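Visitor: I would like a close look at one part of this model. Pick a single residue, start there, and work outward to whatever surrounds it.

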Amino acid sequence: MRYMLLTFCVLIAGCDIVRSTTDRVQGADSVPAEAEEAVTEESVEPELVATAPAGWVGAKTTIAGLGDPTTPGRWLQTPLVDTEFTGRVVVPKTGSQAYITLVPAPGPESGGSRLSLDAMRALLLPFDELVELEVYSN
């Protein structure tokens with residue numbers, strides 16, 4: 001019975017390898033020639049090239065409370081950023097961390113921040129308290 005179970009597991013694991021190999025052989029991962037010709041370096045306009053937002057090195061500290069609970073998503077509204085991008089937030093007290101969207105908020109950089117309900121759940125934070133957070137841009 002043990003050998004049958006072991007053989008069954010090996011066969012199931014091998015099915016995925018065979019499927020991914022046949023996809024490559026049949027050309028499922030290749031880009032069509034028409035799409036290749038459409039996107040060339042000359043056709044990309046310089047003003048349409050997106051640049052990465054300027055971040056900072058190390059952590060910035062902020063105090064955060066619950067934001068608008070009706071707004072979906074995992075976000076942190078903070079005056080620490082000027083543009084919206086994804087960053088890492090760490091709770092120094094517990095060590096829990098999550099990658100969330102950092103959204104600019106008006107006010108001085110020393111002002112408070114607001115966390116979404118999903119972000120508070122991901123960081124295992126109580127909804128009714130203010131919490132100190134370390135915010136990393138990259």
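Guide: Start with Leu124. Its relative accessible area is 70%, so Leu124 counts as exposed. Keep in mind that this is a predicted model. Leu124 sits in the loop between H3 and E6. Its backbone deserves a check too. Phi of Leu124 is near 55 degrees, which is a positive value in a residue other than glycine.

Now look to either side of Leu124 in the sequence. Leu123 and Leu125 both belong to the largest nonpolar core, which has 18 residues. They are among the members that touch the most other members, together with Leu76, Ile100, Leu102, Leu115 and Leu133. Several elements feed this core: strand E3 (85–90), E4, H3 and strand E6 (131–136) each supply at least two residues. As background, nonpolar side chains in soluble globular proteins tend to be buried together.

Leu123 also gives a distance across the fold. Its C-alpha lies 9.0 Å from that of Gly95, although the two residues are 28 apart in sequence. Gly95 belongs to the loop between E3 and E4. With a relative accessible area of 47%, Gly95 is partly exposed.

Follow the core to Ile100. Neighbours up to four places away in sequence are set aside here. Ile100 then touches Arg74, Trp75, Leu76, Phe85, Thr86, Gly87, Val89, Leu115 and Ala119. Two of these, Leu76 and Leu115, appear again among the best-connected core members.

Ala119 leads to the next stop, Ser116. The side chain of Ser116 reaches the backbone nitrogen of Ala119 at 3.1 Å. Ser116 is placed in the loop between E5 and H3. Its relative accessible area is 0%, so Ser116 is buried. Beyond its neighbours within four places in sequence, Ser116 is in contact with Leu66, Gly73, Arg74 and Trp75. Arg74 and Trp75 are also on the contact list of Ile100.

Helix H3 itself carries a charged pair. Arg121 and Asp118 form a salt bridge, with the closest N and O atoms 3.9 Å apart. Both residues lie in helix H3 (residues 117–122), 3 residues apart, so about one helical turn separates them. Asp118 has a relative accessible area of 35% and is therefore partly exposed.

How many salt bridges does the structure hold? The count is 2. The other pair is Glu109 with Lys60, whose side chains meet at 3.5 Å, N to O. Glu109 lies in the loop between strand E4 (97–104) and strand E5 (113–115), and Lys60 is in strand E1 (residues 59–66), so this bridge ties together parts that are 49 residues apart in sequence. Both ends are partly exposed: Glu109 has a relative accessible area of 46%, and Lys60 has 22%. In general, side chains of opposite charge can pair when their charged atoms come close.

Strand E1 also holds Thr62. Is Thr62 buried or exposed? Its relative accessibility is 4%, so Thr62 counts as buried. Its side chain makes a polar contact of 2.8 Å with the side chain of Ser113. Past residues up to four places away in sequence, Thr62 touches Thr78, Leu80, Gly111, Gly112, Ser113, Val131, Glu132, Leu133 and Val135. That list brings the tour back to Leu133, one of the core members named above.

Step back to the whole chain. The protein has 3 helices and 6 strands. Along the sequence they follow the pattern α-α-β-β-β-β-β-α-β. Of the 138 residues, 25% are buried. The exposed surface is about 10,000 Å², and carbon and sulfur atoms supply 58% of it. Take the contacts between residues at least 6 apart in sequence: 71% of them join residues at least 24 apart.

Finally, a word on confidence. The average pLDDT is 76, and 59% of the residues score at least 70. Over residues 18–23 the pLDDT is below 50, and this stretch has 2 contacts beyond near neighbours in sequence. Residues 34–53 are also below 50, with 5 such contacts. Where pLDDT is low, the predicted coordinates should not be read in detail.

Notes. Residues are numbered from 1 along each chain as its sequence is written. This is a predicted model: local features need pLDDT of at least 70, side-chain atom pairs count only at pLDDT 80 or more; totals for chains, interfaces and linings use all residues. Side-chain values use heavy atoms; hydrogens and water are left out. pLDDT is the predictor's confidence in each residue, from 0 to 100. Contact means heavy atoms within 4.5 Å. A salt bridge is a side-chain nitrogen of Lys or Arg within 4 Å of a carboxyl oxygen of Asp or Glu. Helices (H or I, at least four residues) and strands (E, at least two) are DSSP runs, numbered from the N terminus. Buried means under 20% relative accessible area, exposed over 50%, partly exposed in between (1.4 Å probe, protein chains only). Accessible areas come from the Shrake-Rupley method with a 1.4 Å probe; for residues, only the protein chains shown count as cover. A polar contact is a pair of N or O atoms within 3.5 Å; within protein, one must be able to donate a hydrogen and the other to accept it, and residues adjacent in sequence count only if both atoms are side-chain atoms. A nonpolar core is a set of buried Ala, Val, Leu, Ile, Met, Phe, Trp, Tyr and Cys residues joined through side-chain atoms within 4.5 Å.
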